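Q: Hi! I'm new to this one, could you walk me through it?

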Amino acid sequence: MTHRIIGLSVLVALAGCNAPAPPPAPISTPQPTPVAPEPQPQPAPAEEPAPVPDKPKAHVDDPALVTKLRRQIAERNSLSYKVFAAGVAIDGASSAGTAFNEIHIPEHSCVVLGQLLGKADLVRVLEIRYAPDFETQTTENASDLRIMGNSLGNFATVAARILDMSHDERVVTWNLYCAGQLGLPRAFIKQDGQSSFYVVSDGGRSLKVLGSIERGFAQKIKDAIEANPTVEVVMLGSGGGYVDEAMAAGQYIS
């Protein structure tokens with residue numbers, strides 16, 4: 001009994017020696033920690049020049065309108081002589097009277113300005129219609145013809161002068177003498193360009209000043225008069241401005 005137990009023990013021990021050894025546990029090799037690539041410097045964006053504000057485009061008159069006005073100037077100037085002469089032929093009087101020398105100048109001015117400044121619909125009510133009566137031989141008709149002749153001639157003079165104006169001067173003139181005047185609505189036009197003008201006319205005898213009384217107004221009056229020593233009359237068309245400048249100009253003129 002005792003020998004059997006010992007033999008079994010030996011067999012068990014031998015069996016254990018003959019059993020295959022378990023495979024070795026895998027050895028983990030430490031992996032290197034990935035290193036993030038260094039950021040590459042980005043090229044600086046190309047500098048773009050700052051946008052240059054658009055310059056206001058110079059105003060260009062409608063050629064068809066200018067042609068129409070020049071035709072009217074020629075036609076009415078010619079008709080003015082014919083009508084006036086017809087009046088003189090009736091009664092021999094050679095004048096319509098000083099009261100009618102400037103007849104319809106405000107209306108003619110605003111009609112022409114309105115057409116050139118896009119306000120033709122507004123000024124249509126101011127247009128003068130001419131229907132001379134060459135048959136009636138009365139003093140009353142003779143006077144009417146002479147007055148009509150003056151009006152026709154004034155249109156020709158005014159229209160020609162306005163066509164020679166710059167766009168900015170037309171705007172100033174419209175805002176001063178037409179917008180809200182003569183029964184027209186207060187349709188003022190924004191003044192983006194030159195806002196004041198010093199115009200010498202009447203053969204150098206008159207200085208007409210248009211626009212607001214701004215800083216430097218008195219000096220500009222002085223400069224204009226000194227540059228034109230034949231000036232005898234200063235005419236001011238202004239919507240107002242600096243009182244001190246106006247007073248200084250008045251003191252110089254007086």
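Q: Let's start with serine 80: is serine 80 buried or exposed?
A: Serine 80 counts as buried, because its relative accessibility is 7%. Buried means under 20% relative accessible area and exposed means over 50%, with partly exposed in between (1.4 Å probe, protein chains only). One thing to know early: this is a predicted model, where local features need pLDDT of at least 70, side-chain atom pairs count only at pLDDT 80 or more, and totals for chains, interfaces and linings use all residues. Residues are numbered from 1 along each chain as its sequence is written, and side-chain values use heavy atoms, with hydrogens and water left out.

Q: Thanks! Which helix does serine 80 lie in?
A: Serine 80 lies in helix H2, which covers residues 63-91. Helices (H or I, at least four residues) and strands (E, at least two) are DSSP runs, numbered from the N terminus.

Q: And what is serine 80 in contact with, leaving aside its neighbours within four places in sequence?
A: Those partners are Gly149, Leu152 and Gly153. Contact means heavy atoms within 4.5 Å.

Q: Zooming out, how many helices and strands does the protein have?
A: There are eight helices and three strands. Starting at the N terminus, they run α-α-α-α-α-α-β-β-α-β-α.

Q: What share of the residues is buried?
A: Of the 254 residues, 28% count as buried.

Q: New topic, pockets! What volume does the largest pocket have?
A: Its volume is about 750 Å³. A pocket is found on a 1 Å grid over the protein atoms alone, as an open set of points where a 1.4 Å probe fits, with protein on both sides within 12 Å along at least five of seven lines; lining residues have an atom within 4 Å of a point. Grid points are joined across faces, edges and corners, and the volume is the space filled by probe spheres set on the points.

Q: Which residues lie nearest the centre of the largest pocket?
A: Of the 24 lining residues, those are Ile105, Ser109, Val158, Arg161 and Lys208.

Q: Where does the largest share of that lining come from?
A: H5 gives the largest share, with five residues. Helix H5 spans 139-163.

Q: What about the second largest pocket, what is its volume?
A: The second largest pocket has a volume of about 200 Å³. Lining it are 14 residues, and Lys68, Gln72, Val111, Gln115 and Glu127 are the closest to its centre. H2, H3 and helix H4 (120-123) each supply at least two of the lining residues.
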